[in-house]
Amino acid sequence: MPASAKPNGFGEDQPLSGRINYNEVPKTEAQEWGCCTYLLVFLSYLLVVCTFPFSLAYTLRMVKEYERAVIFRLGMLLSGGAKGPGLFFILPCIDNYVKVDLRTISFDVAPQEILTKDSVTVAVDAVVYYRVFNPTVAITNVVDVQKSTKLLAATTLRNCLGTKTLAEVLSDRENVSTHMQSVLDDATDPWGVKVERVEMKDVRLPVQLQRAMAAEAEAAREARAKVIAAEGEQNSSRALKEAADVMLESPMALQLRYLQTLNTISAEKNSTIIFPLPLNLLENISYFKKE
């Protein structure tokens, strides 16, 4: 394995960002034991042999498939990396170990009051999914991985959304979440943590801003409705003009339209009284008026 890579517990190698890879620390650096240390180790082995097989109850430990054990001997990290899954051996009195869960862990980021780029205050909460890919680094480089990741996620949420406008936060959530995931992943890499996904759950706006946006949307809808109605009136008037031009060229067309209207009215059961009046008579009356 190259010096710039670190195992993640599943056989994958990933680059190490500015921290010592404790899985590959040479023995001269990781275990510079003195005479007292060798004596204590020898006495521990002697105790195990003398109390065998009862000592197996204290020296054999087991971790599950999704767990790893980081072993410390006299406070020093034991070479060979994390142990597991399955059985592993520890020495009584001088060894202690810490279990690390490698499964994906999720947590909610508390709602954050954020001032967007266009000076609008919004409350945003999110959910983060992460897993530990290097148990040794996760134990030795940070005190509490989960707490540190939560605090960093809240800070990253505020910093990332502070550079976006309200329209971008509301309409481009996928790209914002991807950017936050990339920033968090780079920041937690020295802790042996892989941030797999970040999702914004909810964006809450002030009540006054909601009312203003609703009024703006209603006004925009009314404007579009008026434009559509005006276009309809224009189209209908154009169609009526064309029909009038056709009827003007053929006088019988107007007479047929007149009879069609009478047929439509008479077909309905109503109390409408119709007095048919010949159109020629109306033309004669208008002619006499002109004379």
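These legends walk through several close-up views of a predicted model.

**Figure 1. The whole protein, to get your bearings.** Before zooming in, here is what the full model holds: ten helices and ten strands. There are 291 residues, and buried ones make up 30% of them. The accessible surface comes to about 18,900 Å², with 59% of that area belonging to carbon and sulfur atoms. If you take the contacts between residues at least 6 apart in sequence, 65% of them join residues at least 24 apart.

**Figure 2. How far to trust what you see.** The average pLDDT of the protein is 78, and 79% of the residues score at least 70. Which elements mark the two ends of the confidence range? Helix H1 (residues 27-30) has the lowest mean pLDDT among the elements, at 40, while helix H4 (residues 135-140) has the highest, at 91. Residues 1-18 have a pLDDT below 50, and in the model this stretch has 44 contacts beyond near neighbours in sequence. Residues 22-31 also fall below 50, and that stretch has 22 such contacts. A word of caution for views like this: where pLDDT is low, the predicted coordinates should not be read in detail.

**Figure 3. A three-stranded open sheet.** Now for the strands, which line up in the order S5-S4-S7 with antiparallel pairing. S5 and S7 stand at the edges and have a single partner strand each, so one side of each is left without a neighbour in the sheet. In general, strands of a sheet pair through backbone hydrogen bonds. Here, S4 (residues 67-73) and S7 (residues 95-101) are joined antiparallel over seven bridges. Look for Val-70, which stands opposite Val-98 in S7, and for Glu-67, whose bridge partner in S7 is Asp-101.

**Figure 4. Strand S4, buried or exposed?** Strand S4 is mostly covered, with seven of its seven residues buried. Follow the side chains along the strand and you can sort them by direction: Glu-67, Ala-69, Ile-71 and Arg-73 point one way. Arg-68, Val-70 and Phe-72 point the other way, and the residues on both sides are buried.

**Figure 5. The hairpin between S4 and S5.** Slide to the end of S4 and you meet strand S5 (residues 76-77), which runs antiparallel to S4 and is joined to it by two bridges. One pairing to find is Arg-73 with its bridge partner in S5, Met-76. The hairpin has two residues between the strands, and Leu-74 takes a positive phi near 55° there.

**Figure 6. A salt bridge across the sheet.** A search of the whole structure turns up seven salt bridges, and this view shows one of them: the side chains of Arg-73 and Asp-95 meet at 2.8 Å, N to O. Arg-73 belongs to strand S4 and Asp-95 to strand S7, so the pair ties together parts that are 22 residues apart in sequence. Both Arg-73 and Asp-95 are buried. As a general point, side chains of opposite charge can pair when their charged atoms come close.

**Figure 7. Two salt bridges between partly exposed residues.** Start with Arg-103 and Asp-101, whose side chains meet in a salt bridge at 2.8 Å, N to O. Arg-103 counts as partly exposed because its relative accessibility is 43%, and Asp-101 is partly exposed too, at 25%. Then move to Arg-204, which forms a salt bridge with Asp-202, with the closest N and O atoms 3.4 Å apart. Arg-204 is partly exposed at 37% relative accessibility, and so is Asp-202, with a relative accessible area of 30%.

**Figure 8. A nonpolar patch on the surface.** Which residues form this patch? They are Leu-39, Leu-40, Phe-42, Leu-43, Leu-46 and Leu-74, and together they have about 530 Å² of accessible area. Leu-74 is also the residue with the positive phi in the hairpin of S4 and S5. Leu-39 sits in helix H2 (residues 35-50) and counts as partly exposed, at 49% relative accessibility.

**Figure 9. Thr-156 and its contacts.** Find helix H5 (residues 145-161), the place of Thr-156. Why does Thr-156 count as buried? Because its relative accessible area is 7%, and buried means under 20%. Leaving aside residues up to four places away in sequence, Thr-156 touches Met-180, Val-183 and Leu-184.

Technical notes
Residues are numbered from 1 along each chain as its sequence is written. This is a predicted model: local features need pLDDT of at least 70, side-chain atom pairs count only at pLDDT 80 or more; totals for chains, interfaces and linings use all residues. Side-chain values use heavy atoms; hydrogens and water are left out. Patches are made of residues with over 30% relative accessible area and no salt bridge: like charges are joined within 9 Å, nonpolar side chains (Val, Leu, Ile, Met, Phe, Trp, Tyr) within 5 Å. Accessible areas come from the Shrake-Rupley method with a 1.4 Å probe; for residues, only the protein chains shown count as cover. A salt bridge is a side-chain nitrogen of Lys or Arg within 4 Å of a carboxyl oxygen of Asp or Glu. Helices (H or I, at least four residues) and strands (E, at least two) are DSSP runs, numbered from the N terminus. Buried means under 20% relative accessible area, exposed over 50%, partly exposed in between (1.4 Å probe, protein chains only). Two strands pair if DSSP finds at least two bridges between them. pLDDT is the predictor's confidence in each residue, from 0 to 100. Contact means heavy atoms within 4.5 Å.
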